[in-house]
Amino acid sequence: MDKLLSQFVAVAEAGTISGAATALFITQPTLTFNMRKLEGTMGVPLLNRSGRGVTLTAYGETLYQNARLMQRLYDNTLKAIAEQQGRIEQGLNIGTGYSWWTLFIRDMVVDYSRSFANARVHVSLGNQLRLMDQLLSGDISVFVGHEIEGLNRSTGARFIPLARVDHGYFVRVGHALLEKPRSIAEIEAFPAVTSSLPEARHQRFFETWSRTTAAGARFDQGKYAFASNSLAACVDYVARTDAVINHTAVMAADFARRGLRRVDVTEATRESQVGLYVLDERADEPRVVELIGWLKGAANAALPASQP
């Protein structure tokens, strides 16, 4: 891809000229000059500049989404050529949240490794926004996660439903909330913990109308007493404090082994859709279709109310 476009993508993702310059191993004045040059070539402003960094203009958003698409197509082309030349053996390259890894992907990966002993396996663990970042960058072929509400259609990511799951509130053994059924208001009076706090750099994934509510709140302005991208760290914190974690209820048995119990709630808790995300341009590739089939089969055996 053109050098200026690659640099522009780096600036958009870093949020600052200095941060992008460091990542690109070039000087800040050089990068500033190149961004001005790119804006001159395009004939429109691409960046809003301020003392806190840069944000994309509407023109910049359009260029960013298309530049990412071009980069993915280029990377996919190189991978396809390498496979044709027989330089690599196809393996697994997927992403997942910790819950789905525990419930069904771990066993699927082990079975795959036994069947294809020489194939490489790469599994990336994280919340759905981090995994979306990796999917769009071409680092993974597909990932399992909750459906992302307000996702910008221009990302080019396709969601394939697997199952609907409900959510529960979990606390340590001996917690006061376990004494009797509680309302959600009573539960939310206690400190909250999350393993899926949105990061500012992921706001670009959302439609403009949903950014403030879906991904705009900073941690220190929100309701959470503790946040970590590690679910294990969140569980450890809840097991040692009076905090509460709201999480997928299918993890109840695993949480129980780790010292957490589900709170009885007097009203309905929310449900969410779990599924697979894949890039539109790769969804019909034979290898990706095969991978989706394996994941669907594993999910159908583990998740409640799984869909075909």
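Start with where helix α2 touches helix α3: Ile17, Ser18, Ala20, Ala21 and Leu24 in α2 meet Gln28, Leu31, Thr32 and Met35 in α3. Sorted by class, that contact has 6 nonpolar, 3 polar and no charged residues. Keep in mind that this is a predicted model. Below you'll find the helix contacts, and after them the strands.

**Helix α2 with helix α3**

- Helix α3 covers residues 28-42, and its axis lies 9 Å from that of α2.
- The two helices pack at an angle of about 110°.
- Angles of 65 to 115 degrees count as roughly perpendicular, and so α2 and α3 are roughly perpendicular to each other.

**Helix α1 with helix α2**

- Now look at the other partner of α2: helix α1 (residues 3-14) packs against α2 (residues 17-24) with the axes 8 Å apart.
- What is the angle between α1 and α2? The helices pack at about 125°, and that makes α1 oblique to α2.
- The crossing of this pair is right-handed.
- On the α1 side you'll find Gln7, Ala10, Val11 and Ala14, and they meet Ile17, Gly19, Ala20 and Leu24 of α2.
- This contact is made up of 6 nonpolar and 2 polar residues, with no charged ones.
- Some α2 residues turn up twice: Ile17, Ala20 and Leu24 are listed in the contact with α1 and also in the contact with α3.

**Helix α5 with helix α11**

- Further along the chain, α5 packs against helix α11 (residues 286-302), with 9 Å between the axes.
- Their angle is about 125°, so α5 and α11 are oblique to each other.
- Is the crossing of α5 and α11 left-handed or right-handed? This one is right-handed.
- From α5, the residues in contact are Leu103, Phe104, Ile105, Met108 and Tyr112.
- Their partners in α11 are Arg287, Trp294, Leu295, Ala298, Ala299 and Ala302.
- By class, you get 10 nonpolar residues, no polar ones and 1 charged one.

**Strands β3 and β4**

- Strand β3 (residues 92-96) pairs with strand β4 (residues 121-125) in the parallel sense, over 5 bridges.
- If you want one bridge to find in the structure, try Asn93, whose partner in β4 is His122.
- How does the chain get from β3 to β4? The path goes through helix α5 (residues 98-115), in a β-α-β crossover that is right-handed.
- So α5 has two roles in this picture: α5 lies on the path between β3 and β4, and α5 also packs against α11.

**Strands β1 and β2**

- Strand β1 (residues 47-50) and strand β2 (residues 53-56) run antiparallel and are joined by 4 bridges.
- Together they form a hairpin, with 2 residues between the strands.
- Ser50 has Gly53 in β2 as its bridge partner.
- A handy rule for strands: in a regular one, side chains alternate between the two faces of the sheet.

Conventions
Residues numbered from 1 in each chain as written. Predicted model: local features only at pLDDT ≥ 70, side-chain atom pairs only at ≥ 80, totals over all residues. Heavy atoms only, no water. Pairing = 2+ DSSP bridges. Right-handed = clockwise from strand over helix to strand, strands pointing away. Axes fitted to C-alpha atoms, helices over the stretch in contact; angles between N-to-C directions. Parallel < 35°, antiparallel > 145°, perpendicular 65-115°, else oblique. Left-handed = near helix turned anticlockwise from the far one by under 90°. Contact = heavy atoms within 4.5 Å. Nonpolar A, V, L, I, M, F, W, Y, C, P; charged D, E, K, R; others polar.
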